Amino acid sequence: MSTLLFFLAAVGAISGAIGVVALRDPFFCVLALVAHLLSLAVLFLLLRAEFVAAAQVVVYAGAVMVLYVFVVAYVGEGGRSTEAGRHSPSARIPVSASDRLRGAGAPLAANLRLGGALLGGALLVELMIALLGSGLKAIEGHGAAYTPGPRAYGTPAYIGNLLLTRFLLAFEIASFLLLIAAVGGVVLARRREGLEEEAGGAGRLASAPGERLAALDLTRPAGTGTMAEGVGRR
Amino acid sequence: MSIAWYLAASAIIFSLGAVGVIIRRNPLVILLCLELMLNGANLALIAFARMWGNGDGQILALIVMTVAACEVCIGLGMIVAIYRRRLPIDVDELRELQG
């Protein structure tokens with residue numbers, strides 16, 4: 001039973017990975033990654049990592065993939081057309097000078113694809129030698145002894161106990177890293193009004209003649225991309 | 001199934017992700033292939049944790065998932081910023097920093 005489940009999940013995970021690499025449309029790539037993550041969660045369950053499998057489904061296949069789908073829908077055709085063909089520029093994206101200089105783009109892409117596949121094959125052989133040819137006797141076994149129970153290996157109680165005792169520092173650092181990344185994502189993705197027209201934006205403190213300069217404008221000059229600018233309040 | 005099978009699957013997933021990072025030009029898909037590589041590493045970590053019957057590998061896999069979520073957050077923010085500046089979403093075209 002577990003053998004059958006392993007092969008089903010492994011084939012699902014690997015075909016999902018092939019789909020991510022080979023599919024042309026980014027939206028289908030995201031869907032293939034969702035299938036890959038769900039199959040991987042089955043593999044985690046087979047390895048008795050219940051909590052990690054649940055976190056994989058809820059956090060990865062749920063939240064992170066929704067973020068991807070949103071960005072694919074937001075970027076839309078712009079992200080799709082460059083991959084489809086170098087010689088069919090959409091109306092949105094101007095043909096750059098490098099595009100015209102590099103008239104023979106197709107052979108270059110084919111060479112890149114062949115070289116990438118060769119490099120990937122070499123990496124696979126090397127990893128197989130490193131992992132399977134290591135001479136470790138334990139990788140031929142089925143793992144350590146496992147006794148089911150409410151606080152057994154891999155259950156939420158077990159993981160929570162480890163996270164709040166031995167790995168408390170790593171846990172706190174990870175949570176702080178998440179906070180920094182959330183702030184960084186907001187700062188990167190917000191709308192910067194005025195930065196395209198004027199480089200500094202410092203000369204635009206009072207844009208309208210009759211507008212009074214508020215004290216807040218000195219600490220927050222125009223064109224620095226504040227939230228108020230994003231909704232057009234300046 | 002013995003642990004070696006899981007390790008083989010993780011090696012295949014990791015190399016597929018590496019191939020994708022090399023051959024794709026869309027930064028969104030490159031981020032997806034990075035996720036593939038991280039997932040391959042996660043599978044190996046959990047397989048080795050099962051081999052020793054020790055929870056440390058599972059904790060490390062959870063931390064890797066956290067770091068991957070941070071990377072997605074920053075990467076997607078950068079893609080949205082690139083799109084707002086009307087730049088092409090293609091890593092071969094974005095080479096101002098190459099000098």
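**Close-up views of chains A and B**

**View 1. Helix α2 of chain A meets helix α2 of chain B.** On the chain A side, A:Pro26, A:Cys29, A:Val30, A:Leu33, A:Leu40, A:Leu43 and A:Phe44 of α2(A) are in contact with α2(B), which contributes B:Leu28, B:Val29, B:Leu32, B:Glu35, B:Asn39, B:Leu43 and B:Ile46. By class, the residues of this contact are 12 nonpolar, one polar and one charged. Please keep in mind that this view, like the others here, shows a predicted model. The two helix axes come within 11 Å and cross at roughly 5°. Angles under 35 degrees count as roughly parallel, so α2(A) runs roughly parallel to α2(B).

**View 2. Helix α2 of chain A also packs on α3 of chain A.** Here the axes of α2(A) and α3(A) lie 9 Å apart, at an angle of about 175°. That angle makes α2(A) roughly antiparallel to α3(A). From α2(A), the residues to look for are A:Pro26, A:Phe27, A:Val30, A:Leu33, A:Val34, A:Leu37, A:Leu38, A:Leu40, A:Ala41, A:Phe44 and A:Leu45. Facing them from α3(A) are A:Glu50, A:Val52, A:Ala53, A:Gln56, A:Val57, A:Tyr60, A:Ala61, A:Met65, A:Tyr68, A:Val69 and A:Val72. The contact of α2(A) with α3(A) divides into 20 nonpolar residues, one polar and one charged.

**View 3. A:Arg48 sits in the loop between α2 and α3 of chain A**. Follow the chain from α2 towards α3 and look at the backbone of this residue. Most residues other than glycine have a negative phi. A:Arg48, however, has a positive phi, near 65°. A:Arg48 is buried, with 21 other C-beta atoms within 10 Å.

**View 4. The largest nonpolar core draws on both chains**. In soluble globular proteins, nonpolar side chains tend to be buried together. The largest core in this model has 73 residues, and those touching the most other members are A:Leu43, B:Leu32, B:Ile46 and B:Ala47. In chain A, the helices that each supply at least two core residues are α1 (2-22), α2 (26-46), α3 (50-75), α6 (105-132) and α7 (156-164). In chain B, α1, α2 and α3 each do so as well. With 15 residues, α2(B) gives the most to this core. Zooming in on B:Ala47, and leaving aside its neighbours within four places in sequence, you will find it in contact with A:Leu47, B:Ile3, B:Tyr6, B:Leu7 and B:Ser10.

**View 5. Chain B presents its three helices to chain A**. The contact between the chains takes 63 residues from chain B and 74 residues from chain A. On the chain B side, α1 (3-23), α2 (27-52) and α3 (56-84) are the elements giving two or more residues. Of these, α3(B) gives the most, with 21 residues. The side of chain B that touches chain A comprises 46 nonpolar, 11 polar and six charged residues.

**View 6. Chain B on its own is built of three helices and zero strands**. Along the sequence, the pattern reads α-α-α. Its radius of gyration is 17 Å, well over the 13 Å that the globule rule gives for 99 residues, so chain B is more spread out than a compact globule. The C-alpha trace of chain B spans about 50 × 25 × 20 Å along its principal axes. Of its 99 residues, 59% count as buried. Among contacts in chain B between residues at least 6 apart in sequence, 49% join residues at least 24 apart.

**View 7. B:Pro27, in helix α2 of chain B, meets residues from later in the chain**. B:Pro27 is buried, with 20 other C-beta atoms within 10 Å. Apart from neighbours within four places in sequence, its contacts are B:Ile79, B:Ile89 and B:Val91. B:Asp90 lies 63 residues from B:Pro27 in sequence, yet the two are 6.4 Å apart in space, C-alpha to C-alpha.

**View 8. B:Ala8, in helix α1 of chain B, touches chain A**. Leaving aside neighbours within four places in sequence, B:Ala8 is in contact with A:Met128 and A:Leu132. B:Ala8 is partly exposed, with 18 other C-beta atoms within 10 Å. Between the C-alpha atoms of B:Ala8 and B:Arg85, 77 residues apart along the chain, the separation is 43 Å.

Technical notes. Residues numbered from 1 in each chain as written. Chains lettered and ligands numbered in written order. Predicted model: local features only at pLDDT ≥ 70, side-chain atom pairs only at ≥ 80, totals over all residues. Contact = placed C-beta atoms within 7 Å. Helix = DSSP H or I, 4+ residues; strand = E, 2+ residues; numbered from the N terminus. Nonpolar A, V, L, I, M, F, W, Y, C, P; charged D, E, K, R; others polar. Rg over C-alpha atoms; globule rule 2.2 N^0.38 Å. Buried ≥ 20, exposed ≤ 12 C-beta atoms within 10 Å, placed from the backbone. Core = buried A, V, L, I, M, F, W, Y, C linked by C-beta atoms within 7 Å. Axes fitted to C-alpha atoms, helices over the stretch in contact; angles between N-to-C directions. Parallel < 35°, antiparallel > 145°, perpendicular 65-115°, else oblique.
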